[in-house]
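I am opening these notes for a reader who has not met this structure before. I put down what I looked up, entry by entry.

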Amino acid sequence: MSELGGLSSVEAARRLFVNGPNAIPEVRANQLKGLILKFWAPVPWLLELTIVLELILGNYLPAGIFAVLLVFNSLLSAAQESRAQGAVDLLRQRLNVTARVARDGQWTQIPASQLVEGDLVHIRQGDLVPADVRLSEGHVELDQSALSGESHAVSADRDDPGYSGSVVVKGEASAVVVAVGTATFYGRTAELVSSAHAPSNMERLIFDIVRALMGFALVIVAVVLADGLARHTPLHQLIPFVLILVIASVPVALPATFTVATALGSKEMSERRVLVTRLAAIEEAASMEVLCTDKTGTLTQNQLSVESVRALDPFDEDHLVQVAAGASDAATQDPLDLAILAEFERRHLAPLGTVSIFSPFEPATKRSEALIETAQGPQRVLKGAPQVVGEMTGADEGDLATRVQELAQTGARVLGVAEGAPGAALEMVGLVALADPAREDAARLVHELRDLGIQVVMLTGDGLATAAAIAQRVGIGERCARADVVRASDEHERRPSPDTTVRPWQREGWYDVYAEVLPEDKMRLIASLQRESIVVGMTGDGVNDAPALRTAEVGVAVSSATDVAKAAASLVLTTPGLEDMVAAVEVSRRIHQRMLTYTLNKIVKTLQVALFLGVGFVVFGRFVTTPTLVVLLLLANDFPTMSLASDHVRSPRRPQRWRVASLLVASLGFALPLVLLSFGLWLVGTDGLHLTLGAMQTMTFVWLVTSGQATIYLVREREHFWHSRPSRWLALSSGLDVAVVAVLAERGWMMSPIGAVPLAVVLAATAVYLVLVDLLKAWIFRSARLTR
């Protein structure tokens, strides 16, 4: 055993080898069961009903094609869910809980999985208890709600137990590990990422799109059924056609495409040093309009050092540093404490005495405090926010504010220091200014975020003068206020603004910087913005930030965050500063554009197919194509377009939001020219080329495939379609798709054959559509409010 009471590295390694890691083997979901469940949902039901109907009618080839489509979609969806789970597993490995442990006589940090019985650990506010422990000194309050369901905190003192997975909500203590891994009381180690789950906002979006398309399809189906019954169309022909119309209107591959895009996005973000703990955050980051950011470690270097000390009479500077050091503890690893203790060591000062009780810094009280046994008797020492310490000592408020303002002009963080006998009045000893310089890249990154249409707001517990100095240095803005304005305006802001077209940052009463902020103030500000349907991002690092990180649509844990903050966040930055945040926004917007392109293309094709097939049946009194060819169309159009998930796209410069109404308006703008050209092509084929019904149905099928591929290149680019180069996979899949369809049509496989002339006519019509609509699409996107 070392002087600290911890184990040696050799002994710890031996115990780890004998007893195994401090982890619980994960129970994996049954992949076969998951695959079987893919066949049990509304879309598979439609396909399965169609297969049964076709088999009853003796149409074995169409039934086989439907079966291939059903199996392919289910396998693809299962494979992509497995891929997404793999991405989350990778995150789980990179987001392991860490523990402060005494090894070889020194405090160090190691992964919690490497703890062994007998280790001496130190836990403090914001930590997850990494194993079952028994406290050896100190006092903590533990939140065990995740384990026991009890909402109230449990106090723990010397010799009391603490269970793995509890959250330290107050205090700090040292403790000895008594059980690890499967031997812990609750039988598990707390994890940061539980499992992949479907993003609720994406579920709502998919449901809204499906509902809109199904509503449209049902209207067409009702017209077709009524007309078919009036014409006495045989039911064995009419019913399969109607079912196919419904299937063609459902975005079969939409959920799988979104899963692919977000899974690839999480991988891309990890390569940019941003870890995604919730896949939905990728889409939400694309919509973010306001980013509330902390100061320390995000805008500053988080490398605190004592810049200056100002002792008040009758004390001198050395005594001021002694008192400040007495109210600090190296075990907390708090940057403020470490900076003061470093200054204490640099001056080669002697301690005031032995610390008997220590209370670490708490955001609620804004101070740390200790009781020291000195040669003259017990002495109470404390350090904290100057206003708080000044109020406790009765210092002159105006004089104190002037002194603090003078020290804070450089952006330094100022602490007040006081001492006094227990039960007696406290006396102000002086002020300590700690420098935490602004990061060299902070101003550039704030500017880049604003160029991306994001309002950056600084929230800090520091005083107004310090906050204003740093904000001015990094270019956040000059509109600064204390957090009192958030509390005062909370009730007023609960009422919606009369002018919703004016954004909050364009109104009177908006501030770029909020100083002296408490955790609940962050919640108030986020809630006020969310009431105006603004997507908010929030960076944080402590346990008191966890509620705000959960409340914000984009909760971001900075690189120095506590385990609890990382657990509450949806994104975790792995390097200091905002560089990774800029990358996260740009990547998320590119992913949004890929999903938007696929969704637009799918809606356009649905409108074209449903209108042309339905109205064509009513106008011409015949099926313009066959159910088998419609299923081939789904294979030929839907799944090759999934390569859009890896397409080359530019990151938009403004926040992106899903608006189903805008999608439908834009899609209608693309679909109407397609429908008109479809009818024109039918007349050319029947009256000009004198093709048979079977050949016309094949020609229609080829046209639907080629025009679908043309639509992809129209909607993927807001400029002319040749303005940006598609990804290799997209270009390859499009070329292969058209080539295979042309060979099938020319050879007459699964359809009536057509010659080179009808194929040339179809390609010419596709070129006309591509060029004509390319000239109109800028107007279409503006009308639908889908400009970048």
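Before listing any neighbours, I fix the term: contact means heavy atoms within 4.5 Å. The model is predicted, so I accept local features at pLDDT of at least 70 and side-chain atom pairs only at pLDDT 80 or more, while totals for chains, interfaces and linings use all residues. I count residues from 1 along each chain as its sequence is written, and side-chain values use heavy atoms, with hydrogens and water left out.

**Entry: Val 306**

I looked up what Val 306 touches, and, not counting residues up to four places away in sequence, I found Ala 339, Ile 340, Glu 343, Val 432, Ala 433 and Leu 434. Val 306 lies in strand β10, where helices (H or I, at least four residues) and strands (E, at least two) are DSSP runs, numbered from the N terminus. Its relative accessible area is 17%, so I note Val 306 as buried; buried means under 20% relative accessible area, exposed over 50%, and partly exposed in between, with a 1.4 Å probe and protein chains only. I also checked Val 306 against Arg 413, which is 107 residues apart from it in sequence and 9.4 Å apart in space, C-alpha to C-alpha.

**Entry: the whole protein**

I then stepped back to the totals and noted 25 helices and 21 strands in the protein. Of the 788 residues, 54% are buried. Among contacts between residues at least 6 apart in sequence, 74% join residues at least 24 apart.

**Entry: Gly 537 and the cysteines**

Gly 537 has its place in strand β19, residues 536-540, and is buried, with a relative accessible area of 0%. Leaving aside neighbours within four places in sequence, I find Gly 537 in contact with Met 288, Val 290, Leu 291, Cys 292, Ala 552 and Val 554. The C-alpha atoms of Gly 537 and Val 556 are separated by 7.1 Å, and these two are 19 residues apart along the chain.

Cys 292 made me ask how many disulfides a search of the whole structure finds. The search returns zero, taking a disulfide as a pair of cysteine sulfur atoms within 2.5 Å. Cys 292 counts as buried at 0% relative accessibility, whereas Cys 480, at 21%, counts as partly exposed.

**Entry: backbone details**

I looked for unusual peptide and phi values and noted a cis peptide bond joining Asp 313 and Pro 314, with omega about 10 degrees. Pro 314 lies in the loop between β10 (305-311) and α10 (317-326).

Asp 159, a residue other than glycine, has a positive phi near 75 degrees; I place Asp 159 in the loop between β5 (154-156) and β6 (161-162), and at 48% relative accessibility it counts as partly exposed. Arg 273 is not a glycine either, yet has a positive phi of about 70 degrees; Arg 273 lies in the loop between α8 (254-271) and β8 (274-276), and at 38% relative accessibility it counts as partly exposed.

**Entry: helix α22 and its partners**

How do α22 and α23 run relative to each other, roughly parallel or roughly antiparallel? Helix α22 (residues 660-688) and helix α23 (residues 693-715) pack at an angle of about 150 degrees with their axes 10 Å apart, and they are therefore roughly antiparallel. Axes here are lines fitted to C-alpha atoms, for helices over the stretch in contact, and angles run from 0 to 180 degrees between N-to-C directions; under 35 degrees counts as roughly parallel, over 145 as roughly antiparallel, 65 to 115 as roughly perpendicular and the rest as oblique. The residues making the contact include Phe 670, Leu 674 and Trp 682 of α22 and Met 696, Trp 703 and Leu 714 of α23.

I next turned to α22 and α25, whose axes come within 10 Å and cross at roughly 155 degrees, and which are therefore also roughly antiparallel to each other. Among the residues making this contact are Phe 670, Leu 674 and Leu 681 of α22 and Val 761, Tyr 769 and Phe 781 of α25.

My last look was at Leu 775, which lies in helix α25 (residues 756-783) and counts as exposed at 60% relative accessibility. Leu 775 and His 720 are 55 residues apart in sequence and 7.8 Å apart in space, C-alpha to C-alpha.
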